[in-house]
Structures are given as structure tokens and as C-alpha cells.
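Thanks for coming, everyone. Please look at the screen while I talk you through this one.

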Amino acid sequence: MDFVYDLFVVFHLLGMAAVVGGYAAAQPRVSELMVWGARAQLITGIILVGMAESIDSLGKDPNMPKIITKLVVAVLVAGFAEMGRADAKRGKALPWMTHAAGGLAILNVFIAALWH
Ligand code: HEM
């Protein structure tokens, strides 16, 4: 089961690369890549926490205040990315929405790595 968990960590890191890389490459517009990255972070993150909480042999003990903070930030990232992408498709991109999504995604990388 360790391998499956680690595989989801890989997907989680690739999702992070998509949302942050998609932001860097396409700003001030929201790219399709960024939206898919934001969705992937919510799905893979929730799977990781579900596995960590339910499979004792993994030996994980998630830091819940940190996870809840990351979840709230990730929901905002996905929300801003979805709204920004919808606007970009209609040709009226709002740069602040792109920067809000990208900036909050980067904030979540800091939270992930620095909060123990
Ligand atoms: C924009 C959204 C997100 C970004 C950019 C992000 C980024 C990251 C990064 C860079 C790591 C690796 C950190 C390290 O190993 O030191 C990580 C780990 C993790 N993230 Fe996220 N994350 C996001 C959303 C979420 C969400 C929504 C959840 C859960 C609800 C979550 C749960 C986790 C967990 C459980 C780990 C630990 C994996 C392990 O066991 O090493 N993340 N995240």
C-alpha cells in the first residue's frame, strides 16, 4: 500500500507543477492546464488524507490544522481558476483572478513544505 500512497504523492506533485507552471506560462490568463492542476490537487490531496487516516500500516499521522488550511486554500485556487478560465474563454480575462489562483497555489506549496 506504501507504493500506491507514494504514487498519489507523485500525482500530487505533478498537479502542483501543472497549476504553478500553468500560471507562470499563461498569466495574466488562466490556462486549461492550470484549471486541471487545481482540480488534481483537490482530488489527490483528499485521497492522500483518506489513505493516511484509514490505513494504519502507512504509519502516517496527518497534521489536521495544516490539512484544513491547505484544503481551504486549494478550494479558493480551484474556484478562482475555474472562474478565470470561464472568463478567458469569453475573451474578458480578469488578471487579478489569475494572480489570486496562482498566488494562492504558491502559498500552498509554502504551507506544504514549511508547516510541520
Ligand atoms: C493548490 C493546492 C495544493 C498544493 C500546491 C499542494 C502542494 C503540496 C506539496 C508541494 C507537497 C509535498 C510537500 C512535502 O512532501 O514536503 C504536498 C504534500 C501533501 N499534500 Fe498538498 N497541495 C495542495 C493541496 C492539498 C489538499 C487540498 C490536500 C488535502 C485535503 C493536500 C494534502 C497533502 C498531503 C496529505 C501531503 C503529504 C504527502 C506525504 O505524505 O508526503 N494537499 N502538497
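In α4, the buried residues are Met97, Thr98, Ala100, Ala101, Gly102, Ala105, Asn108 and Ile111. Buried means under 20% relative accessible area, exposed means over 50%, and partly exposed lies in between, with a 1.4 Å probe and protein chains only. Helices are DSSP runs of H or I with at least four residues, strands are runs of E with at least two, and both are numbered from the N terminus. The cover over the buried residues of α4 includes α1, α2 and α3. That cover is counted by contact, meaning heavy atoms within 4.5 Å.

Before I go on, two notes on the source. This is a predicted model, where local features need pLDDT of at least 70 and side-chain atom pairs count only at pLDDT 80 or more, while totals for chains, interfaces and linings use all residues. Residues are numbered from 1 along each chain as its sequence is written, and side-chain values use heavy atoms, with hydrogens and water left out.

Back to α4. It has 20 residues, which should span 28 Å at 1.5 Å a residue, and its end C-alpha atoms are 28 Å apart, so the two agree. The expected span is 1.5 Å times one less than the number of residues in the helix.

Now the whole chain. How many helices and strands does the protein chain have? Four helices and zero strands. From the N terminus, the order is α-α-α-α. The C-alpha trace spans about 50 × 25 × 20 Å along its principal axes. The radius of gyration is 15 Å, which agrees with the value near 13 Å for a compact globule of 116 residues. That radius is taken over C-alpha atoms, and the globule rule is 2.2 Å times the number of residues to the power 0.38. Of the 116 residues, 37% count as buried. Take contacts between residues at least 6 apart in sequence: 76% of them join residues at least 24 apart.

Next, α1. Its 25 residues should span 36 Å at 1.5 Å a residue, and the end C-alpha atoms are 36 Å apart, which agrees. Buried here are Tyr5, His12, Gly15, Ala18, Val19, Gly22 and Tyr23. Their cover includes α2, α3 and α4. Leucine 13 is also in α1. At 48% relative accessibility, leucine 13 counts as partly exposed. From leucine 13 to glycine 37 the C-alpha distance is 9.7 Å, with their positions 24 residues apart in sequence.

After α1 comes a loop to α2, and proline 28 sits in it. The peptide bond joining glutamine 27 and proline 28 is cis, with omega about 15°. For context, most peptide bonds are trans.

In α2, look at alanine 38. Buried or exposed? Alanine 38 is buried, with a relative accessible area of 3%. Leaving aside residues up to four places away in sequence, alanine 38 touches Val19, Val77, Ala78 and Ala81. Alanine 38 and phenylalanine 80 are 42 residues apart along the chain, and their C-alpha atoms are separated by 9.6 Å.

On to α3, residues 64-89. Its 26 residues reach 37 Å from first C-alpha to last, close to the expected 38 Å. Its buried residues include Lys70, Val77, Phe80 and Arg85. The buried residues of α3 pack against α1, α2 and α4. Glycine 91 follows α3, and its phi is positive, near 80°.

Last, the metal. Which protein atoms are donors of the iron atom of the ligand? They are His12 (NE2) and Lys70 (NZ), lying 1.8 to 2.0 Å from the iron atom. Histidine 12 is in α1 and lysine 70 in α3, so the pair ties together parts that are 58 residues apart in sequence. Donors are N, O and S atoms within 2.8 Å of the metal, or 3.2 Å for Na, K and Ca; water is not among the atoms, so sites may look incomplete. The iron site is octahedral, with angles of 82 to 179° among six donor atoms. Six donors count as octahedral if opposite donors are over 155 degrees apart and all others between 65 and 115. Histidine 12 is buried, at 16% relative accessible area.

Notes. Four donors count as tetrahedral if all angles lie between 85 and 135 degrees; four count as square planar and six as octahedral if opposite donors are over 155 degrees apart and all others between 65 and 115; anything else is irregular.
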